[in-house]
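Visitor: Could you pick one part of this model and take me through it closely? I'd like to see how it sits in the rest of the chain, too.

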Amino acid sequence: MAEKAMTPSVVEVNNAGFTTSANADDGNRLIMDRLGLKGRNMAARLAIARSLAVASTPESLRGSERGKVIRGANLFGEDIRI
């Protein structure tokens, strides 16, 4: 019997921690500085939006230094429907 793929619930995504590489975290800080943003979530949202336009598969984070964690609630904001 094949196992059914589990789809995370909205609450699980909202409470999850999302991590990038340390290099991507440095890029996030650069975006924040250049645009005068106060919170990491706004720059991260811009980066996610930009990444959706890139057709290539992202590199694996295995073995790379990890950046800071951002909670789903902060990353996606209060509009849980996103």
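Guide: Sure, and one term before we start: a contact here means heavy atoms within 4.5 Å. Keep in mind as well that this is a predicted model. Among contacts between residues at least 6 apart in sequence, 78% join residues that are at least 24 apart.

A quick look at the whole chain, then. The protein chain has 82 residues, and 16% of them count as buried. Its exposed surface comes to about 6900 Å², with carbon and sulfur atoms supplying 57% of that. In secondary structure you get four helices and two strands, and reading from the N terminus they go α-β-α-α-β-α.

The part I'd zoom in on is the place where helix α2 meets helix α3. A packed pair of helices is described by the angle between the axes and the distance between them. Here α2 covers residues 22–35 and α3 covers residues 40–51; they pack at about 110°, with the axes 9 Å apart. Angles of 65 to 115 degrees count as roughly perpendicular, so that's the label α2 gets relative to α3.

Who's doing the touching? From α2 you have Asp-25, Asn-28, Ile-31, Met-32 and Leu-35, and from α3 Arg-40, Ala-43, Ala-44 and Leu-46. By type, the residues of this contact split into six nonpolar, one polar and two charged. Let's follow a charged one and the polar one on the α2 side.

Start with Asp-25, which sits in helix α2. Its relative accessibility is 7%, and because buried means under 20%, Asp-25 falls in that class. Leaving out residues up to four places away in sequence, Asp-25 touches Thr-20, Arg-40, Gly-67 and Lys-68. Arg-40 is one of the α3 residues in the helix contact, while Gly-67 and Lys-68 fall within strand β2, which spans residues 66–71. Thr-20 falls within strand β1, residues 17–21. So with Asp-25 you're looking at a buried charged residue of α2 that has partners in α3 and in both of those strands.

Now Asn-28, also in helix α2. Asn-28 counts as buried too, this time at 10% relative accessibility. With residues up to four places away left out again, Asn-28 touches Arg-40, Ala-43 and Ala-44, and those three are on the α3 list of the helix contact. Notice that Arg-40 turns up among the partners of Asp-25 and among those of Asn-28.

Since Asp-25 took us into β2, let's stay there for a moment. Arg-66 lies in that strand, and at 51% relative accessibility Arg-66 counts as exposed, because the cut-off is over 50%. Outside the residues up to four places away, Arg-66 touches Thr-19, Thr-20, Ser-21, Ala-22 and Leu-61. Arg-66 and Thr-19 are 47 residues apart in sequence, yet their C-alpha atoms are 6.8 Å apart. Thr-20 also contacts Asp-25, which brings us back to α2.

From β1 you can carry on to the chain's one aromatic pair. Phe-18 and Phe-76 meet edge-to-face, 5.7 Å centre to centre and with 90° between the planes. Phe-18 is in β1 and Phe-76 in helix α4 (residues 72–76), so the pair ties together parts 58 residues apart in sequence. Both rings belong to partly exposed residues: Phe-18 has 31% relative accessibility and Phe-76 has 27%.

Helix α4 has links in space to helix α1 as well. Asn-15 lies in α1, residues 10–15, and is partly exposed at 45% relative accessibility. The C-alpha atoms of Asn-15 and Ala-73 are 6.3 Å apart, although 58 residues separate the two along the chain. Val-11 is in α1 too and counts as exposed at 54%; its C-alpha is 9.2 Å from that of Ala-73, across 62 residues of sequence.

Methods: Residues numbered from 1 in each chain as written. Predicted model: local features only at pLDDT ≥ 70, side-chain atom pairs only at ≥ 80, totals over all residues. Heavy atoms only, no water. Buried < 20%, exposed > 50% of the residue type's maximum accessible area, 1.4 Å probe, protein only. Axes fitted to C-alpha atoms, helices over the stretch in contact; angles between N-to-C directions. Parallel < 35°, antiparallel > 145°, perpendicular 65-115°, else oblique. Areas by Shrake-Rupley, 256 points an atom, 1.4 Å probe, with all protein chains shown as cover. Phe/Tyr/Trp six-rings, centres within 6.5 Å; stacked < 30°, edge-to-face > 60°.
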